[in-house]
Structures are given as C-alpha cells and as structure tokens.
Amino acid sequence: VLITPWVIIISFSIVFGFVFSINIFRHQKGNKKANRFLALFLFTITILLFSNFIVLSHLYKMFPHLIGSSFLLWYVLPPAFYFYVKTGVHANYRFKWYELLHLSPFVYMLIDVIPFYLLSAEIKIHWLENYITSPKSLSFSSGFIIVYSFAYLAASIYVIWDFEKNYKKGFANTSFEHIDGIKRLVLVYAIYKVLDLVGMGASFISDQTSIEIMQFISISLSIFIFVIAYTFIQQPEKLFQLEISKTKYKTSTLSASDLSKYSKKLDEAMIDKKLYLDSEINLSNLAKALDIKQHTLSQVINQHYKMNFYEFINKYRVDEVKTQLLKEENKNLTIIAIAYDAGFNSKSSFHKIFKKVVGKSPTEFMKENMMKEENT
C-alpha cells in the first residue's frame, strides 16, 4: 500500500463523504426530495473518490475487482446534481415519466462495460497499469463526459436563473437562504469542472500520465466534499429549504393597530392606484411606493391576508381580468391581451394562476358567464 500526504487527505474526504451523504439522506428538515438527490450526488462523488483512492494507494493490487467501479458513476453525477438543483429550487416539482431518459447514457454504458467487469483479475490489473502510466489521450467517452457534464451544469444554472427571474422576487414570506446555498454548490461544482477541463487539456499538451490527472481530480473532489460538509454543519439553511417558523413574527413590535393601518393603506393603493398592473412590481418597490419598510410590508401581507406577496398581487390581477372579460367594450380583445394589461407577463403562468384562484380556466369562466347572461 502506497501512503502519501495526498492519499491521507483523500482518505479523510472519503470518510466525510460517506458520513455526510448518509446524514443528508436521513435529514428530515426542509425539502426531502432535494435532500435525497444531494445525498445521491455526494455519495456518487465519494465513490468516485474512493475508486481513485484504490488506484493512488495501490490497493487495486489487493482488490483488483474494484477496478472500474467508477466507470458508470460519471453518468450518474451530472443528472443527480441537476435534479438536486431542480427539486431544491422548486420544492413541489413532480417528475414526468419521460425524465427516465436521463438514465439512457448510464444504461448504454452499463451494457458496454459488462464485458470488462467479467474479465479476470490479472487482465484488469494489466489494463489499469497500462492506462495510468500512459499519456492521457482524448477518447470518445471522455469527450462525451465533458460535454455531458457541462450540459447538465448549464441546465442547473438556467434553473436557478429562471427561478430568480420569475418567482423569487414575488415571494414575501418564504425563506430563500437555500437558493444561496445551491448557488454556492453550483459555483464550486463549476470551478471543479473547469479545473478538470483545464487539467485534462494541460495533460494533452505536456503528456502527463493519467495517474497525475487522477491525483489532481481527487484533490478537487475532496475540496468539494469539504465544502458540502462545512455547509451542512455550519449553515444548514444554505442547503435545505427550511419550513417557515410559525413564530416568525413572535418578537415583532408591529401592533394590531399598526397591522390594520398598514393593511388599509395597502388596500387603498391596490384599489385606487392599481399598482398590481405593473408587471415588474415586486415587494421592494411596492414597499417604497407605500413608504413602508420591506419587512413590515411582508409581515402585513403574511399575517393580515394569510398570503405571500406573489399570491396577493396575482389575486388582484385575476380579479382585474375577470372584471375586464365581462365588459362589453372588451369583446374584441383576446383573453391573453387582457391578462397582459392586468400585469401578467406569461401566458402559461396566467392560465395556471387563474385556474388556481378561480377554480376554472379563463375560457370556462367566459362560457359560464355567457350562459348566465343568456338565461337572464
């Protein structure tokens, strides 16, 4: 067995990885679905690191059938991270059957590498020693993994960007510390992938061997594991979408009379000025328009109306759409044109929100009211 400082560091990382992946999987707070994917992602990284540890420490000579144990995991890591981000950002995300296609590369590679797993120990050792001492070369599979990984990384970044653009600004009573935590992991993962790519490129130019690249990748993975472990211990809210405490405003100095005063001021602004018609309205600029502190306005909406900002604004928008749809002078306008005038900026979100608030689609609402008119 070969013992070096790097091997010792990597061995500690493996222990951390296994311990924290189990703890995250069993974590009961927040978004359990996202917890499972984060645990899967961390566990996969740990197995990959363990596979490298077997080679770097020369333990593969004692356990030759562990050689190649990480082949398939490179096809698990990118989608596991992507679905951690997706379920972490969208707590109520529901899977569709066709998302099983994400496993296609894994299944294909499983079929492809089965013959290797059936080889004798001697042949596996000979293959590995030839591989780690030869200059690194770009194969189709390694090129595919690079493209595959960066595609999922880009998709993960897009999920966060889309959420922040369309939803985050609208919620007043939801804690989004977990988004910062997810973004941190995305950043660290992106840095790791870039360093991995740079290291691989450098190896082609300098004719470095695979064992040197493996050591570099292992240190990068170790750092990644330590980041997740540190965040789990020190700032769990950065990883998990924690539930809002029912005693959130227990220590608030806002009195019942203040709550009533501010809610009245808010109602007047909504009815008289129709601020909800602004498609770019958010909690911050609404608070400025009312000359109320943002946190105070959030509390008023949460406690008095039992809604978050997003629900509060969209209720007014839906009511506006209902009113305008029934006006004779709007008969020549399309439903979506009226929705846009009411402050909605997306056809799909409008239909979804309208049906949630009213209990029927805009078209069904129109038909129902037309029938009432005919009957009267």
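Biologist: At what angle do helix 9 and helix 12 pack, and how far apart are their axes?

Modeller: Happy to start there. In this predicted model, helix 9 (residues 256-273) packs against helix 12 (residues 309-325) at about 35 degrees, and their axes are 11 Å apart. The crossing of the two helices is right-handed.

Biologist: Which residues meet where helix 9 and helix 12 come together?

Modeller: From helix 9 there are Leu 266, Asp 267, Met 270 and Ile 271, and they meet Phe 312, Ile 313 and Tyr 316 of helix 12.

Biologist: Let's turn to the surface. Why is Phe 12 called exposed?

Modeller: Phe 12 has a relative accessible area of 51%. The label exposed asks for over 50%, so Phe 12 counts as exposed. This residue sits in helix 1.

Biologist: Which residues join Phe 12 in the nonpolar surface patch?

Modeller: The patch also holds Ile 3, Trp 6, Ile 8, Ile 9, Phe 16 and Phe 226, and together with Phe 12 they have about 650 Å² of accessible area. Helix 1 (residues 5-26) gives the most to this patch, with five residues.

Biologist: What makes Glu 164 partly exposed rather than buried or exposed?

Modeller: Its relative accessibility is 26%. Buried means under 20% and exposed means over 50%, with partly exposed in between, so Glu 164 belongs to the partly exposed class. Glu 164 is part of helix 6 (residues 140-166).

Biologist: How far is Glu 164 from Val 89 in sequence and in space?

Modeller: The two are 75 residues apart in sequence, and their C-alpha atoms are 9.5 Å apart in space.

Notes
Residues are numbered from 1 along each chain as its sequence is written. This is a predicted model: local features need pLDDT of at least 70, side-chain atom pairs count only at pLDDT 80 or more; totals for chains, interfaces and linings use all residues. Side-chain values use heavy atoms; hydrogens and water are left out. Patches are made of residues with over 30% relative accessible area and no salt bridge: like charges are joined within 9 Å, nonpolar side chains (Val, Leu, Ile, Met, Phe, Trp, Tyr) within 5 Å. Accessible areas come from the Shrake-Rupley method with a 1.4 Å probe; for residues, only the protein chains shown count as cover. A salt bridge is a side-chain nitrogen of Lys or Arg within 4 Å of a carboxyl oxygen of Asp or Glu. Helices (H or I, at least four residues) and strands (E, at least two) are DSSP runs, numbered from the N terminus. Buried means under 20% relative accessible area, exposed over 50%, partly exposed in between (1.4 Å probe, protein chains only). Axes are lines fitted to C-alpha atoms, for helices over the stretch in contact, and angles run from 0 to 180 degrees between N-to-C directions. A crossing is left-handed if the near helix is turned anticlockwise from the far one by less than a right angle, and right-handed if clockwise. Contact means heavy atoms within 4.5 Å.
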